[in-house]
Amino acid sequence: MQFSAPTTRITDKWLFAMTVVFVVALLVLFTNNALNQPRQYFWPAVTQWVSEQNHASYESILAVPDSAWQEAVNPINAGLSDEPIWLRFTLPVTQIDQHGTYIDIGYPLLDSIDVWIQHGSETTHYHAGDAQPFAQRDNKYHGFLFPVPDYGSAVSVIMRVQSTSVVKVPVKIWQQKAFWEHISNTNLVMGLFFGLLLAIALSNLFFFFTTRTLTFIFYTGYVICLGLTLATLHGFAYKYLWPAQPWFQSKAISLFASTTLIFAVVFSASLLEIRTYSKRLSTVFNALAGAFGLIAASALFLDYAVSIRIFLVLLTITVFLIMGVAIWLARKKVSVAGYYALAWGALLVSAFTASLDNLDIVAISIPSQVLLLYGATIEVLMLAFILAISYSRQRDFMLSAKEDALEKEREAVRAKQALIDLQQSTQDELEYKVGERTLELEIALRELSEANRELEKLNTIDPLTGIRNRRHFDKRLQAEGRRSRREQTPLALAMVDIDHFKSVNDQHGHSAGDACIQHVATILQQQLKRLSDDVCRYGGEEFGLILPNTDTAGAQQLLEAMRAEIEANPCQFDGTSISLTISAGVASGVIAFGDEETSLLKTADERLYQAKQAGRNRVVAEQ
């Protein structure tokens, strides 16, 4: 079947129409589904204190009369302001769930947040922000989450928010079950989205290595930087990529947004072959790429408010320039220019609108992070359409060439048929090789996944003793603390130390010391009777024990048995019998509030010290 040029254009239009319908239907379905689902959170009515005394203390805020507080629109958007803002709202008892209630601040780029929850004379204070390392957060949530204590009645909440970047404070109140269901769904969607970006980046990187065409590497860089920008906006980059670098977190948006636009500009110039049509425009594109490069370089030391304003000006110029050039080339009958304008226009316009929203120049109902995801999704689908059009036109060109060749050289039918057969054979071979490579990639991914799981397990094993290490102890302590608080069951902790260990090293050498540590670890592990009990090497010659659902007497009895077993079984090393004893401190209690397990561990450590002071080789379970 042969296709003429008009038929090809009609086919392209139909493909374009189908793509647009699909994109619109997808977004409408997604939005409609989100709107029709019962809302499982609520926006509290927030008031804001407007005063020139922005550096007031919490105590002075309590004295501010109610008339000084003004009603604010939640979510609050204060734009670019490094001055602190004070917010206040009340949670009635009907909105506090005994199973857990959370205050969610869904904008992860705030430098500092202080939350005071008042109930009568009792006050609970939380502090968070991306100006501190991610590990210091009580909840490992990519946003900011503050649990509301269940006092049995209404509570008053006062917040102080300050940031050198855009100050946006979307305050939501969640019940525990609904919140974690929401986070599960959100992580699934974001995982799929970032997985799609990674797949696109890798495929284009492979195309570059096979074709050596710079357009593919430009697009790879663009997709990677776009993914990093969106991951930073949503807080995932700080959680997973640089959790211990708050300084870099404050610069990441400016850096990656600028590098994204660098690759966007050079990719546009390459794909549209700007230099072929206008050398002046090519120079302008190079200058824009250089300007974004300067912003990216200066973002590491320039103030965010300054760099983002410069970025916004250049972004505006870039949006209109790329759109204008694409439309101009489309009028010159450049095949992909029109579709390219639509694909990139969706993302660039969404980024531009999100920037205006972050600067509080315009107000939009959709969160800027979600708007950028919409734009990126549309762009990916539209670029897929452009690839389909390109392939379609290459196919039509081949069919047209064959038709011309048949008309001019009918005598060469056999040769042409042989050529067609060769092409078919080549295509079959290519499809077979692609299938093989796909299978190899799937096998490699499975092996990588298994290796990652094994590595995660190895990361929690102490290499000397073979028991769990300090990292596992910290995670298990937090988990058991939550279980004790939730189920109201006692949690026992014990700190164990080998007595006179330094003298063992001095008399017998460090190899003997290592053997003694292994010997003690083995006995401690063997003495555990329940699968839920855990012993970990806490550090050096010190061990930590976690004993869920165990009271003080039970824990003391177990530790006494361990002490006696170690005293009765010296360590055998190179024909030498090394007698060992241990000292232990035990503490047990029902966890009543968050992070109380840390205090319980501190008590056990203090009692270990008491055991040492009392002459060693003993277990101290009470003051």
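Two strands count as paired if DSSP finds at least two bridges between them. Keep that rule in mind for the sheet. One caution before we look: this is a predicted model.

Now the sheet. How many strands form the open sheet, and in what order? Six strands, running 3-2-5-10-7-8. The pairing is antiparallel. In general, strands of a sheet pair through backbone hydrogen bonds.

Look at the edges. Strand 3, residues 69–71, is one edge strand, and strand 8 is the other. Each pairs on one side only. From one strand to the next, the twist averages 25 degrees.

Let's zoom in on one pair. Strand 2 covers residues 47–49, and strand 5 covers residues 85–91. Three bridges join strand 2 to strand 5. That meets our rule, because pairing takes at least two bridges. For a marker on screen, find Thr47: its bridge partner in strand 5 is Arg88.

Next, the second largest pocket. It holds about 1,600 Å³ of space. Its lining has 43 residues. Which of them lie nearest the centre? Asp138, Asn139, Arg482, Arg485 and Gly594.

Several elements give two or more residues to this lining. Among them are strand 6 (101–105), strand 9 (144–148), helix 3 (176–211) and helix 17 (596–613). Strand 8, residues 122–128, is on that list too. So is helix 13, residues 470–487. Helix 13 gives the most, with eight residues.

What about chemistry? By class, the lining has 15 nonpolar, 15 polar and 13 charged residues.

One link to take away. Strand 8 is an edge strand of the sheet, and strand 8 also helps line the second largest pocket.

How values were computed:
Residues are numbered from 1 along each chain as its sequence is written. This is a predicted model: local features need pLDDT of at least 70, side-chain atom pairs count only at pLDDT 80 or more; totals for chains, interfaces and linings use all residues. Side-chain values use heavy atoms; hydrogens and water are left out. On a 1 Å grid over the protein atoms alone, a cavity is a set of points where a 1.4 Å probe fits but cannot get out, and a pocket is an open set with protein on both sides within 12 Å along at least five of seven lines; lining residues have an atom within 4 Å of a point. Grid points are joined across faces, edges and corners, and a volume is the space filled by probe spheres set on the points. Helices (H or I, at least four residues) and strands (E, at least two) are DSSP runs, numbered from the N terminus. Ala, Val, Leu, Ile, Met, Phe, Trp, Tyr, Cys and Pro count as nonpolar, Asp, Glu, Lys and Arg as charged, and the others, Gly among them, as polar. Axes are lines fitted to C-alpha atoms, for helices over the stretch in contact, and angles run from 0 to 180 degrees between N-to-C directions.
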